[in-house]
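Q: Please take one part of this chain and look at it closely, with the backbone as the starting point. I would then like to see how that part fits into the rest of the model.

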Amino acid sequence: MFVGDGPDEVSAVAVAAIRQADKASREFLEARTLIVDTDEAGRSLSTAGRYGYILSPTVKEVGGSLANFGPTVSTLDYRPTGNGYSRLERPSIREMGEALKSMSYGEEEAETLARKSGRSLTILQRHDPRSGSRPPPWAEEGERLVPALLASSWSTQQTGDLEIIAELSGSSYEDYELALRRYLTKQDTPVDLRGGFWKLQAPVDAFVNLSHLITRRHLESLAEAAFKVFTTEVSPNFAEERFGRSMAPYSSLLREGIATTLLIIAAMHEEVGLEVGLDPEKFVHDLVANLPGLRDDARVILGLEGQLTYLMEAAPRPLLAALEHLLEGDEVAAVLFQEISSYGVPHSKIPNLLWALELLAWDPAYFRRTALLLAKLASKDPGGKSGNRPISSLRDLFTAWLPGTNAPMVERIAVVDEIIAEHPQVGWQLVTMLLPTLQDTKTPTQRPRYRDAGASDKEALTYEIIAETYDAMADRALSLVGDNNAHWIEVAEAFPRFSPERRDQFLAMLVPHAESTTGEERVELRRTLRRLADRHARFRQADWVLPEEDLKRLQEIVASMETLEPFDQARALFDEWDPYPVEDIAASERAIEQRRANAVANLAATSGAEAVIRLAATVRFSRGVAFAAVTGIKDESILEHILADGDPQTPAPDLSTAVAGMLRHRRGERYDAEIFSLAERLGWTNVRTASILLDWPEERRTWDLIATLGQESEKYFWQNRRCYRFEGSREVLEELVHRLVAAGRAGSALSIVHPREQELSWQAVTAILGGRISEINAGEMSSDIDGYLLRELFKSIRSRKDVNQLELAHWEYAFFPVLEYQDGDLALYDRMASDPEFFISIMKDVFVADHIDSGENETTPEQRDRASISHRILMHNKRVPGQENGKIDQAELDAWIDGMNEEALKHKRTKIVPSYIGRTLAHAAEVEGIWPPPEVASAIERLRSKDVEHAIMIERFNMRGVFTKSAFEGGDQERDLATQYRRWSAANVKFPRTKAMLAAIAESWDQDAKRADEYAERDKFRFE
């Protein structure tokens, strides 16, 4: 769908495009394209994939259905929002003039028509004497249309909108609407009414035909209306409007309509022939400038919301001046960038302001001011979670290959320099974002709707200009980089895509900086440069790699930064990974491990064990150093020094523990005696010795060794031992589980048993579950993986014969927050479907007795938590008593219902139990395409309960769940559901109550379908 200025514009452009195509394409398209003039004709076309369709503006209803059969081009005339649809791009005045000259118009006549038409084909048709255009019939009584022209669109559901229309018309709203309705039956009507929304079909076209009727009094009335709708404390909310719950005094539809009118008056008054005895553009500028609080309160500008882009194009000077004044203060940032979270999604009003500035930046006359404003906004931006940020908008204006402005390259670069001078930090960030990249993306910014904005004189974008822009940004990056190492790293990432001269300059400048950099900055720079050099050396066949000479220079710089210090050499091997050849990754892994082992051995030989200890504390993964030490160091005294590191009275450092564990795995059981001998010789406490054994093999021999150290040491060991997947026997696994649970580590026990849960005894399972409950209550629910392991544990035991199902149901209740969204296959639900007493026990947690007011009793936090869990269980339960494999046992179902009613009487819950009986029955499966099955229908007839039937109806509605619709789909889905329930009602003639209930559900779906149709009509008014 496309948006144009007039009713025929889209279809005319589509036909012209086909006729201007090359011969083969034209003949193909002409043979397969139908122009549809009426809805009746469109309904007769239903051959999928055979034709494409161009719809005339007289086609109103079948466009959506025809799109299901083939490509469809249809007009949406003009809508202010235009979201999600393609707007016909207006040609520049120069382009339109050239096109007219190609149609045998003289040069002066062509240029005059192009300017007079304001680049609009609709206006061109009215102004061109050759077109033979005549005023439409509705223009003869155009005085009545002027108030509608000024408002453009409004909602009959908003009292404020009706008051505004009454003021514009000088009569009561009822009288004016009655007069306006007469136009609805006219051919080529300029107005439309759908879903309670009035809309001017094509405002530009209407202005062309009615501008001579507009007086100064009309503009004064328009100004009064604009002040009212744009200065309200509560802005309209689309979601609230859509469902008839808006708290705003005026609709967004009216605001958009008035904003559109002001834009046409300001930007196209000459083209449409508006003469009112004053300067129309100054009128709009003064109106916007005089909005109360515009210069003093940022909320006024933000309150313009979606209409800000229209007003920015209509009256840029007062809005820019107000923003410049507001940004002089420091407190404005808190207002502009305020974020509000709705359902976990952050929302901010700043995007509308950014989009308005992006639109205005297209005009070279305002480009500099707009860019500087965005830079100032970026300097004040505190950051946030919402995606639109000023620096991103700023970058979009200057992108070399798709600039968001008609300003020439020289001016763009000059403005970048000004931003650098006024806002250095933002300037640097902008420059680095504009450096050449291997891949880049950008969403085009919104263009002006009516103003030419320099498009006629726009500099043609060539590869040469793109290259010059990149060179300019590289020059500025190199001039600003200074001694800032972080800046050097940013530029280094981009330099391979610099021009040859700039690459040469970068590498020449890099040499002295690399030589002077020290410490951690030198390490970071070397890591970046080495990664770049390795990448470009590895992919020499790619077209993006550095030339051989530049790569060699870069590699020489990297080599010059290498150190002869063994410590730094070893650190580089751990923190700067070598690239892996594609051919043999495993061999590369082994090679790097050997190099690390050699480096650590060399470090130990030259600088001793202390250097190895310092290395482990410096690199990102200390256990890698431990592995290299055990592999490479042959001097036992050095290894012993590493093991002895730290205070002998306290637990060992991580490196000591890791080295000891790796030595034990390499040397076997004989190493046990060696470590105990070392402990005795060095005077370690038993806890220190236990800490050294933390990485010992997971076997009884280890546990027996720990037991000899005493209870305190054993407790330390089991509380701190790392747990990995266990491969031993089932008996040893069970013992390990009980030891971990006893140490308060049921979560660790849970991790080691996966995926061997089936092997555990029920006693071991309950030990884990009980221990995990205690840990969770203490706030130790560690991660999502913990929840996954619990779900896997329950899944493994659900079908076991040795498990007491009632006990399992209680455990599932305890862990329901974890199991809630797993699936419906819980023993808990089975128990609820077979044991009414159990079902009622859950309901008692949620609902008070019949004789008690729900607000009378005070509840504890524990009671509220339990009520929350129980309620969620009731909501998730879909198990139908007596149902198995789609079939229901009538006796079981009836017994469950009777049991529920008996328990309800016993526990005084008779008011709520019928609702849950009905909710449960609603989930019975269809039988041969008919719902409900006879067993449920019989139960409904036997119970004769309105409460049960009402609950069934509610649940059947809710069972629809989440659904999606295409744009403007209306109530087709709801009508299908109504048809289905009506068919089911007809099939249940033996069950009169059931039949009536199904008919009532069908009627309700019919009503929902009507509402959906109304919403669709309203949405068309807003978005088409």
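A: Pro932 is placed in the loop that runs between α50 (913-921) and α51 (934-943), where helices (H or I, at least four residues) and strands (E, at least two) are DSSP runs numbered from the N terminus. This is a predicted model, in which local features need pLDDT of at least 70 and side-chain atom pairs count only at pLDDT 80 or more, whereas totals for chains, interfaces and linings use all residues. Residues are numbered from 1 along each chain as its sequence is written, and side-chain values use heavy atoms, with hydrogens and water left out.

What draws attention to Pro932 is the peptide bond that leads into it from Trp931, which is cis, with omega near -5°. Most peptide bonds are trans, and most residues other than glycine have a negative phi. A cis bond is also found between His754 and Pro755, where omega is about 5°, and Pro755 again sits in a loop, the one between α41 (746-753) and α42 (762-777).

Helix α50 also borders the loop that holds Lys908, with α49 (890-906) as the other boundary. The phi of Lys908 is near 55°, a positive value in a residue that is not glycine. Lys908 has a relative accessible area of 44% and therefore counts as partly exposed, given that buried means under 20%, exposed over 50% and partly exposed in between, with a 1.4 Å probe and protein chains only. Ala453 likewise has a positive phi, near 50°, and belongs to the loop between α24 (424-433) and α25; with a relative accessible area of 6%, however, Ala453 is buried.

The helix that follows the loop of Ala453 leads on to the side chains. Side chains of opposite charge can pair when their charged atoms come close. Asp475 makes a salt bridge with Arg502, in which the closest N and O atoms are 2.9 Å apart; the term stands for a side-chain nitrogen of Lys or Arg within 4 Å of a carboxyl oxygen of Asp or Glu. Because Asp475 belongs to helix α25 (residues 463-480) and Arg502 to helix α27 (residues 500-516), this pair ties together parts that are 27 residues apart in sequence. Asp475 counts as partly exposed at 28% relative accessibility, while Arg502, at 18%, is buried.

Other bridges stay inside one helix. Glu734 and Arg730 meet in a salt bridge of 3.5 Å, N to O, and both are part of helix α40 (residues 730-742), four residues apart, or about one turn. Here Glu734 is buried at 11% relative accessibility, and Arg730 is partly exposed at 36%. Elsewhere, salt bridges with shared partners join Glu520, Glu524, Arg527, Arg571, Asp575 and Arg620 into one network. Within that network, Asp575 and Arg571 are bridged at 3.5 Å, N to O; the two lie four residues apart in helix α30 (residues 566-575), about one turn of the helix, and both are buried. Over the whole structure, a search finds 69 salt bridges.

By contrast with these buried residues, Glu233, in the loop between α12 (216-230) and α13 (238-242), is exposed, with a relative accessible area of 83%. Glu233 and Glu339 are 106 residues apart in sequence, and their C-alpha atoms are 18 Å apart in space.

The setting for all this is a protein chain with 54 helices and twelve strands. Its radius of gyration, taken over C-alpha atoms, is 39 Å, well over the 31 Å that the globule rule (2.2 Å times the number of residues to the power 0.38) gives for 1024 residues, so the chain is more spread out than a compact globule. The C-alpha atoms fill a box of roughly 110 × 95 × 60 Å along the principal axes. Of the 1024 residues, 50% count as buried. Among contacts (heavy atoms within 4.5 Å) with a separation of 6 or more, residues 24 or more positions apart account for 70%.
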